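Got the viewer open? Here is a walk through the model, one selection at a time.

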Amino acid sequence: MTRRLDGKVALITGATGGLGTATAELFAREGARLLLTDVADKPLRELAERLAADGADVASVPLDVSSAREWDETIAFLRERFGALHVLVNIAGILDWRGVEETREESWDRVTDVNQKGTWLGMRAAMPLLRASGNGSVVNTSSVLGMVGSGGAAAYQASKGAVRLLTKTAAVEYAQQGVRVNSVHPGVIATPMTRELLDAEGDQQADVLRTPMRRAGRADEVAPAILFLAADESSFVTGSELVVDGGLTAH
């Protein structure tokens, strides 16, 4: 049986985080050739080696997504190594829980640089290869906190709201150029980024209590949504928001 990403080359940022790793593992099982990136070099190499041992065609490159130079170098490496790019998955992101008055300027700038600017830089650097593929897909990771307010995490929410609208404007721009652009919006997901909060508050965490399913999601429950948007079965889907939140935004 044909795997859903056979013949496709995919670049995944933030690959060593919970969602990034789950997505890389799923894409490998579905036949994608992979370039994995992250700022965490050793875990990145270990992940790539593990997937390669299972038969995947995979390479890894350390990447700070907020650096235009590093993006250019990464795309140059990808072009040399794989010769094409069909899927870009922007997952790399950081979180600051502080509200408007408590957020420090340097934290605001760093969150914006990684979450918002990094997503834009990735699309800008990768778009020539995605257009050349004739059937490209970009999946940007936003959040339910890019859709509704929570009363905190000011920099994070602002950046994820920007990713949501950046996705839509790019979808319109490239709709007739062979590239689809969509966003995925996870709710409360148990990952290394949220572990401290969930370990402290568990099922009593405020956003978990607001979730109709009354639990945090898992990274392997979000990765299939990213796969759908990356694969050809979503060929008429662009500019859309795929929400994976246990019903959090349903009320």
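One term before you click: buried means under 20% relative accessible area, exposed over 50%, and partly exposed in between, with a 1.4 Å probe and protein chains only. This is a predicted model, where local features need pLDDT of at least 70, side-chain atom pairs count only at pLDDT 80 or more, and totals for chains, interfaces and linings use all residues. Residues are numbered from 1 along each chain as its sequence is written, and side-chain values use heavy atoms, with hydrogens and water left out.

**The whole chain**

Start with a cartoon of everything. You should find eight helices and nine strands; helices (H or I, at least four residues) and strands (E, at least two) are DSSP runs, numbered from the N terminus. Along its principal axes, the C-alpha trace spans about 45 × 40 × 35 Å. The radius of gyration is 17 Å, which agrees with the value near 18 Å for a compact globule of 251 residues; that radius is taken over C-alpha atoms, and the globule rule is 2.2 Å times the number of residues to the power 0.38.

Switch on the surface. About 11400 Å² is accessible, and 51% of that belongs to carbon and sulfur atoms (Shrake-Rupley method, 1.4 Å probe; for residues, only the protein chains shown count as cover). Of the 251 residues, 51% are buried. Contact here means heavy atoms within 4.5 Å. Among contacts between residues at least 6 apart in sequence, 71% join residues at least 24 apart.

**Strand β5**

Now select 136–141, which is strand β5: six of its six residues are buried. Show the side chains and look along the strand: G136, V138 and N140 point one way, while S137, V139 and T141 point the other way. Add β4, residues 87–90, which runs parallel to β5 and is joined to it by four bridges. For strands to pair, DSSP must find at least two bridges between them. Zoom in on V87 and you will see S137 of β5 opposite.

**Helices α5 and α4**

Which residues does V163 touch, leaving aside its neighbours within four places in sequence? Select V163 in helix α5 (residues 154–174) and you get N115, Q116, T119, N140, T141 and S142. V163 counts as buried because its relative accessibility is 1%. For a longer view, draw a line from V163 to A216: they are 53 residues apart along the chain, with 23 Å between their C-alpha atoms.

Jump to S107 in helix α4, residues 105–133. Its 13% relative accessibility means that S107 counts as buried. Beyond the neighbours within four places in sequence, S107 is in contact with D96 and R98.

**Two backbone oddities**

Most residues other than glycine have a negative phi. With that in mind, pick A153, in the loop between β5 and α5. A153 is not a glycine, yet its phi is positive, about 50°. At 1% relative accessibility, A153 counts as buried.

Next, go to R214, in the loop between α7 and β8. R214 also has a positive phi, near 55°. Is R214 buried or partly exposed? R214 counts as partly exposed, because its relative accessibility is 48%.

Last stop: M213, in the loop between α7 (206–210) and β8 (217–218). At 52% relative accessibility, M213 counts as exposed. Add G247 to the selection: M213 and G247 are 34 residues apart in sequence, and their C-alpha atoms are 6.8 Å apart in space.
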